[in-house]
Amino acid sequence: CCSGSARAQSLVADLSSHLVSVTAGFAGTDLLLFGAVADEGDVVVVVRGPDSRVAVRRKKRSPLGIWVNADEVVFTGVPAFYRVASSRPLSEFGGGRVLQVHQIGVENLRFDAVNAISEAQAATFHNALIRNKQHQGLFSSGYAPVTFLGNRLFRSRIVFPSNVPTGTYTVTVYLVRGGKVVSAQSLPLVVSKLGIG
């Protein structure tokens, strides 16, 4: 229905900075994401850190009473950091199909298991991986608010903890209407160590 350029114009967003500098006394920081929409809809923001391979191990107690690694599953495509912000609860996005397609929300993240394992095993280790990341403060357990200022302007704060991994991040902003993404914009973000020997 719309040309690519007309579509791109319906959503414009930017960050207060495209660099997070991790210095010797770094205690975490936050950035401001701001933008405007030309049409009505919900704004969803996904902050995703660099993908990597992650091993998830299950421990069990040996007959001697010592905890040892029993099973291990290696996943690829696991983001080092993951945050979601939204202008309304993700549970209200009619059926959630759009959330699954675009991997919005931790429950919709997809990782590939390197090991040959059953679906049930993969799900168990997948959920354990998400819990571990949430415990470390690297995956969000809910969503941060996207606040509208009037009908068109919006803003959201992206909080980075002190243990934020370095690397190249992608901040993707979606405009969702009627259960579909009608416009999207990706912004680069670099988390880099400065002045650390």
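Which residue in strand 9 is the bridge partner of Ser86? It's Pro145, and the views below work outwards from there. This is a predicted model, where local features need pLDDT of at least 70, side-chain atom pairs count only at pLDDT 80 or more, and totals for chains, interfaces and linings use all residues. Residues are numbered from 1 along each chain as its sequence is written, and side-chain values use heavy atoms, with hydrogens and water left out.

**View A. The whole chain, for orientation.** You're looking at three helices and 13 strands; these are DSSP runs numbered from the N terminus (helices are H or I, at least four residues; strands are E, at least two). Of the 197 residues, 38% count as buried, meaning under 20% relative accessible area with a 1.4 Å probe, protein chains only. Take the contacts (heavy atoms within 4.5 Å) with a separation of 6 or more: 71% of them are between residues 24 or more positions apart.

**View B. Six strands in a mixed sheet.** This open sheet runs in the order 2-13-12-4-7-9, and its pairing is mixed. Strands pair here if DSSP finds at least two bridges between them. Strand 2 (19–22) and strand 9 (144–145) are the edges, each pairing on one side only. Strand 7 (residues 82–86) lies alongside strand 9 in the parallel sense, with two bridges between them. One bridge pair to look for is Ser86 with Pro145.

**View C. Arg83, a buried charge.** Arg83 sits in strand 7. Despite being buried, Arg83 has no salt bridge, which would take a side-chain nitrogen of Lys or Arg within 4 Å of a carboxyl oxygen of Asp or Glu. The nearest side chain of opposite charge, Asp30, is 11 Å away. (Lys and Arg count as positive, Asp and Glu as negative; His and the chain ends aren't counted.) What the Arg83 side chain does reach is the backbone oxygen of Gly137, at 3.0 Å. Setting aside neighbours within four places in sequence, the residues in contact with Arg83 include Val45, Val46, Val47, Phe139, Val159 and Pro161.

**View D. Four strands in an antiparallel sheet.** Here the open sheet has the order 1-3-11-10, with antiparallel pairing. Strand 1 (11–15) and strand 10 (147–149) are its edge strands, and each pairs on one side only. Neighbouring strands of this sheet are turned by 25 degrees against each other on average, direction ignored; the axes are lines fitted to C-alpha atoms, and angles run from 0 to 180 degrees between N-to-C directions.

**View E. Strand 1 against strand 3.** Five bridges hook strand 1 up to strand 3 (residues 29–37), and the two run antiparallel. For a landmark, find Leu15: its bridge partner in strand 3 is Leu33.

Definitions and conventions. Buried means under 20% relative accessible area, exposed over 50%, partly exposed in between (1.4 Å probe, protein chains only). A polar contact is a pair of N or O atoms within 3.5 Å; within protein, one must be able to donate a hydrogen and the other to accept it, and residues adjacent in sequence count only if both atoms are side-chain atoms.
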